[in-house]
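Please look through the structure shown here slowly, one region at a time, with the sequence beside you. The paragraphs that follow are meant to be read alongside it.

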Amino acid sequence: MSTVLVVEDSVTQREMITDLLKGSGLTVTVATDGMEALAHIEGDQPDLVVLDIVMPRMNGYEVCRRLKSDPKTQSVPVVMCSSKGEEFDRYWGMKQGADAYIAKPFQPTELVGTVKQLLRG
C-alpha cells in the first residue's frame, strides 16, 4: 500500500484530504508546515507528497524545490494543492518541480485520480 504525506496547515483541509485519500485505500501521514514536512520525509520517505503552498515557516514552493534538488527525494511525486489558482501560480509550481497542480476548491475525483495516476508512474 502506498503512503502519501499531506502537508497542509489548515486543519479542515488536512482532514478532508486525508479522509479522501484513506477512503481510496492509501496510507496517509500528515505535516502542518514545510519544516515539519522535510523532517518527516527525512525519517520516513512517502511514495507521494500532497503539498499546500501558503504555510507558516516554509512555503510549499521551497519544500518542493528542496525535495526535487535532493537525489534521495527527487523521484518522489509532488502534487501542489493550493488556493492560489491563477495560471502564474500553476506555472510557478511546475517550475519548482511539482508533478501536478490542483487548485482549491477541487473535485475529490480530481485529487484522488491525480494521486493514483502519479503513484502508478
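In this predicted model, the helices α2, which covers residues 34–43, and α3 each supply at least two residues of the lining of the largest pocket. Helix α2 gives the most to that lining, with three residues. The residues that line the largest pocket are L38, I41, E42, Q45, R66, L67, D70, K72 and T73, and when they are sorted by character they divide into three nonpolar, two polar and four charged. The space in this largest pocket comes to about 160 Å³.

Helix α3, which spans residues 60–69, also helps us to find another place in the chain, since the loop between strand β3, residues 48–51, and α3 contains D52. The UniProt record, an unreviewed entry, carries the annotation "modified residue: 4-aspartylphosphate" for D52. Is D52 buried or exposed? Its relative accessibility is 5%, and because buried means under 20% relative accessible area, D52 counts as buried. Leaving aside residues up to four places away in sequence, D52 touches V7, E8, D9, G60, C81, S82 and K104.

One of the residues that D52 touches, C81, can lead the eye to strand β4, which runs over residues 78–82 and in which V79 is found. The relative accessible area of V79 is 0%, so V79 is buried. Its contacts, again not counting residues up to four places away in sequence, are with L48, V49, V50, L51, A100, I102, L111, T114, V115 and L118. It is also useful to compare V79 with C64, because the two residues are 15 residues apart along the chain, while their C-alpha atoms are separated by 9.4 Å.

We can now turn to the aromatic rings, of which a search of the whole structure finds three pairs. In one of these pairs, Y61 and W92 meet edge-to-face, with 6.5 Å from centre to centre and 80° between the planes. Why does this pair tie together parts of the chain that are 31 residues apart in sequence? The reason is that Y61 lies in helix α3 whereas W92 lies in helix α4, residues 87–95, so the pair joins these separate parts. The two partners also have their own surroundings to consider: Y61 has a relative accessible area of 10% and is therefore buried, while W92, with a relative accessible area of 33%, is partly exposed.

The ring of W92 also pairs with the ring of F88: their centres are 6.2 Å apart and their planes lie at 10°, and because planes under 30 degrees apart count as stacked, this pair is stacked. Here both residues, F88 and W92, lie in helix α4, four residues apart, which is about one turn of the helix. With a relative accessibility of 54%, F88 counts as exposed. Taken together, the ring pairs link Y61, F88, Y91 and W92 into a cluster.

Finally, we can step back to a long stretch of the chain. UniProt, in an unreviewed entry, places the feature "domain: Response regulatory" at residues 3–119. Over these residues the chain is 46% helix and 20% strand, and the C-alpha atoms at the two ends of the stretch are 10 Å apart.

Methods: Residues numbered from 1 in each chain as written. Predicted model: local features only at pLDDT ≥ 70, side-chain atom pairs only at ≥ 80, totals over all residues. Heavy atoms only, no water. UniProt positions renumbered as here; feature names shortened; annotations may be inferred. Buried < 20%, exposed > 50% of the residue type's maximum accessible area, 1.4 Å probe, protein only. Contact = heavy atoms within 4.5 Å. Phe/Tyr/Trp six-rings, centres within 6.5 Å; stacked < 30°, edge-to-face > 60°. 1 Å grid on protein atoms, 1.4 Å probe; cavity = no way out; pocket = protein on both sides within 12 Å on 5 of 7 lines; lining within 4 Å. Points joined across faces, edges and corners; volume = space filled by probe spheres on them. Nonpolar A, V, L, I, M, F, W, Y, C, P; charged D, E, K, R; others polar.
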